[in-house]
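Biologist: I'd like to learn how people back up the words they use for a structure. Can we go through one together?

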Amino acid sequence: MIDVDSLRKEYGGFTAVEGSTFSVPDGEVFGIIGPNGAGKTTTLKMLAGLIEPTSGSATVAGYDAQDAEMRNYLGFLPEESPLYEDMTPVSYLEFFGDLYDVPRATARERIHDTLDRLDLDHRDRKLGDMSKGMGRKVAIARSLVNDPEVLIYDEPASGLDPLTTNYIIEFTRELAESGKTVVFSAHNLFHVESICDRVVVMNDGRIVARGAVEEIRAEHGRTEYHVYTTVDIEGAVAENGAYRRIVESMDGVEETRELAAASGGEVTDIQTHTPSLEDIFLDLAEESPDVEGRP
Amino acid sequence: MKADKTLRIARWEVSKNAGQLDRRTLAAIGVVLVLVAALTPLVASKGIALDDGIYQVGVADDSPYRGPVANDSTFVAVEPDARAFRNGEIDVLILPGRPPVPAPTQKGQAAISELRATVQAYNDDLMGFERNRTAAFPVNVSLRYVAQNVSTTGAGTDDSEPPATTRPTDEDEVGLGGGESGGGDTGGETDDADLQATSRPTDNGDEIDSGESNSDGAGGESGGGDTVGATDRDAGGDDGGAVGDGPAGAPSVGSGSSLFTDQTRGGTPADIAPPFPFESLVLAFAFVLPMNFVIQAYASSILNERINDRGELLLVSPVSRGDIVAGKTLPYLVGMIAIATLTALGIAGLTPAGGDAPLEIVSTAAVSVAAVAPIALLFLACAFVGGMFARSFKELTFVTVTLSVLLTSYAFIPAIFTDVHPIAAISPLTLVVRALGGGAVPLADYAFSTLPLLLTAGTLFALGAGVYREEDMFTQRSVPLKFLDALDSQLSSPRSLAKLSALSIPFVFVAELLAVALLFALPVSVSIPALLVAIALVEEVAKSVGIYAGFAHERFGRSARSIGWLGFLSGLGFFVGEKATAVAQLVGLPNLELGRAAFGTVTGLGIQSSPLVLVGLFFAPLALHAVTATITAAGASRDRRWYFGTLAVATLVHAGYNLTVVSYLG
């Protein structure tokens with residue numbers, strides 16, 4: 001559904017995206033994560049045809065991303081979605097339905113159905129009088145007004161309260177389950193981890209890691225063992241009346257047990273710590289960007 | 001572009017903005033519109049009568065003065081009460097068999113002067129109804145108005161007659177000078193830098209009537225003689241309507257009053273007022289005034305799309321940039337045209353100088369609207385660019401107010417000289433003034449005054465649309481940098497630089513016309529050198545700013561070869577486009593000395609030399625443009641300071657060339 005090959009974007013002397021290459025098959029939820037300025041939004045906008053790449057190519061739904069025809073198959077949700085304050089949700093959505101040549105009756109049915117699913121009331125209220133969360137729901141409804149095959153959502157839950165955020169994340173999951181291809185970026189890595197099939201991690205315009213979350217964890221994550229003893233040994237720190245020593249293998253655990261025994265003590269507890277995507281992301285962000293992604 | 005998408009966006013633009021108006025605002029707008037609709041025709045037909053009823057005149061019902069007093073709204077007729085007169089309640093007292101007596105106050109003196117003029121006008125009217133026209137107007141004066149050529153060497157001056165400004169003038173010529181007949185052919189009339197006033201005995205009454213003219217003087221025959229009836233009889237005072245100290249003439253017969261009023265039936269040459277089309281100008285201004293308000297709303301709508309990336313969702317929809325820009329512009333253009341149409345119909349219907357038949361009214365209105373439409377488009381184009389370049393509403397206000405003043409000046413100031421000076425030809429409002437005055441509007445005149453505006457508007461829309469994309473429209477760059485972005489968006493290769501230079505021609509042409517309009521009133525010894533430098537600067541900027549934009553965006557190489565190539569391409573594009581200014585010949589603007597200075601170097605007008613020299617002069621501008629563009633390209637390739645330095649050098653070289661050519665042309 002989406003093919004990106006050696007995508008590069010340069011602004012003057014600044015390179016925003018460098019040599020990105022990835023594919024997203026039909027029906028997959030694909031996440032792009034990275035710190036601010038990593039190139040996530042520029043990548044998404046190049047996929048949406050808003051920004052022309054300096055080099056490389058992006059194909060969406062079989063069309064070049066710069067082809068206006070592609071936009072008929074795309075639903076795009078930008079990070080900020082300021083609406084036209086003096087319109088009502090329905091008139092706003094109907095206008096976009098018109099632009100996508102959706103028959104008015106179909107558009108009206110689809111609009112109300114989507115707003116029902118998003119639990120959005122007050123449909124005659126002006127958009128300027130709505131809360132940010134309600135406005136975000138209208139923006140999501142707009143991205144669906146043409147029943148697109150591909151959805152590109154840039155920080156869909158940005159700046160929303162936890163309740164609305166969870167609601168929108170769940171809604172996005174439902175969209176994916178209904179067969180739509182979703183490309184998704186978010187700062188909150190918990191959300192990415194919870195709904196994305198695969199992710200790429202970007203830093204300084206380059207992709208530094210890719211794959212399923214578990215694959216990335218296996219490749220870039222380190223399992224830690226926290227071993228607690230009754231006596232102070234080398235490398236341990238006092239914690240709550242005990243001593244904790246962190247090791248990264250079972251050999252380390254055995255070594256700790258021997259050290260404790262030699263000092264007249266014993267091991268009282270062993271805890272296993274699996275790194276979250278956020279831990280991996282932070283590690284990668286601190287590392288050199290040369291992990292992957294060089295053209 | 002797709003028409004259906006454009007119309008959908010246009011409809012949305014209307015409905016979106018309609019939502020901004022609450023009922024109270026709509027009601028207020030409605031009231032204002034009703035008031036304007038009610039007052040405009042009133043003002044158009046009667047003028048603003050601030051002096052209604054300011055003078056009290058004591059006059060009996062059977063007094064011969066009763067008629068004039070009753071006919072003039074300035075006066076209020078009251079009983080001729082001597083006590084009231086002494087108490088200062090009456091400004092002029094008219095007792096039976098005695099001349100009018102003014103109150104011993106300044107107001108009384110003003111009242112008696114006004115009464116004197118009113119009586120004279122009243123007498124003129126009476127004379128007009130006299131069956132024996134020969135008796136009423138025994139002397140028939142034929143007046144022929146011609147252009148006053150301010151030049152002493154203008155090409156249009158008839159060699160057989162000395163230029164007007166170098167001739168001694170006599171009283172008649174002073175009285176008639178400075179104007180030409182309404183609707184007169186400007187280009188043709190310049191050949192006669194002479195004023196003529198002849199008297200001949202009246203052959204019949206019909207000839208006397210043929211001298212009627214409308215109030216603004218625009219109804220005169222083109223190049224022909226206007227014949228006015230005049231009388232040498234003096235019952236109303238042969239001071240010809242001048243306010244004197246003597247008693248007011250008895251209202252029976254007489255002369256005086258302006259020859260250019262609707263009521264005129266006769267008068268003396270001394271009464272002739274210059275044919276200044278004040279009324280038509282004021283009415284023409286009514287077309288331009290609403291545009292200043294409409295562009296505020298339009299520019300705000302454009303800027304609103306750029307605030308917080310609001311317009312991004314339109315850009316990601318299956319519509320083109322052209323659809324969006326056209327759709328957002330269309331409602332405002334239609335609104336402007338609708339306002340202009342209503343205004344034109346109202347004015348043409350209430351002041352039917354061109355005839356009061358419905359077809360004539362519609363015809364006059366159609367000409368007016370056709371002339372105003374390019375102005376409206378240029379207003380919108382400038383507002384669009386302003387909306388695309390400004391970073392905030394505060395900055396936008398500054399931009400739009402500046403544009404409003406400039407554009408209104410461009411349209412309005414030259415129109416003041418309608419049928420007085422050839423400079424009027426550059427403004428479409430001149431066509432409106434002529435149409436409202438019942439004059440003809442030749443197609444060539446229409447093309448000359450409107451094509452530069454249409455081409456400029458097109459260029460500005462293209463520039464603005466060039467940055468109507470995600471990468472440019474949401475950035476917070478300064479207006480000059482946005483302008484460079486817009487230029488850069490039109491550059492795909494060095495060759496496109498030639499196209500950009502050629503596209504700058506309409507803008508250059510309008511800027512040069514504006515310079516001519518601003519400088520033409522100065523003495524030729526000052527205005528021509530200033531104009532030559534101004535024109536050189538405008539053209540050098542037009543040629544080089546695209547090159548500078550390209551270098552600023554790292555689009556071009558900076559080698560000497562590249563610089564030379566860029567300079568040549570820019571010069572070539574400009575040279576090709578510049579030849580289009582030959583359209584200036586259509587209405588003879590180059591016959592104006594300043595016009596020759598502005599455009600003669602391009603068109604080769606008035607040059608009488610060998611074919612080889614003519615060919616050389618034809619291609620010399622190409623060499624000039626290529627050389628000067630290369631100079632500025634060299635500066636632009638380094639930095640801004642170098643660019644401005646080389647721009648100054650190129651301007652001086654260019655001005656020197658212009659001065660040489662103008663001197664050669666004589």
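Biologist: How many helices and strands does chain A have?

Modeller: Chain A comes to 9 helices and 14 strands. Keep in mind that this is a predicted model. Chain B has 25 helices and 7 strands.

Biologist: What share of each chain counts as buried?

Modeller: In chain A, 41% of the 295 residues are buried. For chain B, the figure is 51% of 666 residues. To earn the word, a residue needs 20 or more other C-beta atoms within 10 Å of its own.

Biologist: How do you know what part of the contacts joins residues 24 or more positions apart in chain A?

Modeller: Take the contacts in chain A with a separation of 6 or more: residues 24 or more positions apart account for 68% of them. In chain B, among contacts between residues at least 6 apart in sequence, 71% join residues at least 24 apart.

Biologist: Let's look at a sheet. Which strands form the open sheet with order 2-1-4-5 in chain A, and what makes strands 2 and 5 its edges?

Modeller: The order names its 4 strands, and their pairing is antiparallel. Strand 2 (14–24) and strand 5 (63–64) of chain A each have a single partner strand, so one side of each has no neighbour in the sheet. That puts both at the edges.

Biologist: How do you know that strand 1 of chain A pairs with strand 2 and with strand 4?

Modeller: Count the bridges. The cut-off for pairing is at least two. Strand 1 of chain A shares 7 bridges with strand 2 of chain A, and 5 bridges join strand 1 (residues 2–11) to strand 4 (residues 55–60) of chain A. Both counts meet the cut-off, so both are pairs. You can find single partners too: Lys9(A) has Val17(A) in strand 2 as its bridge partner, while Ile2(A) stands opposite Val60(A) in strand 4.

Biologist: What lies between strands 1 and 2 of chain A in their hairpin?

Modeller: There are 2 residues between the strands, and Gly12(A) in this hairpin takes a positive phi near 60°.

Biologist: Which helix lies across strand 1, strand 2 and strand 4 of chain A?

Modeller: That's helix 1 (residues 40–47) of chain A, running at about 120° to strand 1.

Biologist: Why are strands 2 and 4 of chain B called edge strands?

Modeller: They belong to an open sheet of 4 strands with order 2-1-3-4 and mixed pairing. Strand 2 (75–78) and strand 4 (101–102) of chain B each pair on one side only. Strand 4 joins strand 3 (residues 92–94) in the antiparallel sense over 2 bridges, and pairing asks for at least two, so the pair just qualifies. Leu93(B) stands opposite Val101(B) there.

Biologist: What makes Asp147(A) partly exposed, and Glu554(B) exposed?

Modeller: Asp147(A) has 14 C-beta neighbours inside 10 Å. Exposed means 12 or fewer and buried means 20 or more, so Asp147(A) falls in between. Glu554(B) has 12 other C-beta atoms within 10 Å, so it counts as exposed.

Biologist: What is notable about phi in these two residues?

Modeller: Most residues other than glycine have a negative phi. Asp147(A) has a positive phi of about 50°, and Glu554(B) has one of about 55°. Asp147(A) lies in the loop between helix 4 (132–143) and strand 7 (150–154) of chain A. Glu554(B) lies in the loop between helix 21 (524–552) and helix 22 (560–578) of chain B.

Biologist: How do you know how the reach of helix 14 of chain B compares with what is expected?

Modeller: Helix 14 (residues 393–415) has 23 residues and reaches 32 Å from first C-alpha to last, close to the expected 33 Å. There is also a kink of about 30° centred on Ser409(B). Its buried residues include Leu396(B), Val399(B), Leu403(B) and Leu407(B).

Biologist: Last one: how many residues make the contact between chains A and B?

Modeller: Chain A gives 23 residues and chain B gives 21. On the side of chain A, the largest share, 5 residues, comes from helix 2 (residues 89–99). By class, that side has 13 nonpolar, 4 polar and 6 charged residues.

Notes
Residues are numbered from 1 along each chain as its sequence is written. Chains are lettered from A and ligands numbered from 1 in the order in which they are written. This is a predicted model: local features need pLDDT of at least 70, side-chain atom pairs count only at pLDDT 80 or more; totals for chains, interfaces and linings use all residues. Two residues are in contact if their C-beta atoms, placed from the backbone, lie within 7 Å. Axes are lines fitted to C-alpha atoms, for helices over the stretch in contact, and angles run from 0 to 180 degrees between N-to-C directions. Ala, Val, Leu, Ile, Met, Phe, Trp, Tyr, Cys and Pro count as nonpolar, Asp, Glu, Lys and Arg as charged, and the others, Gly among them, as polar. The expected span of a helix is 1.5 Å times one less than its number of residues. The bend at a residue is the angle between axes fitted to the seven residues ending there and the seven starting there.
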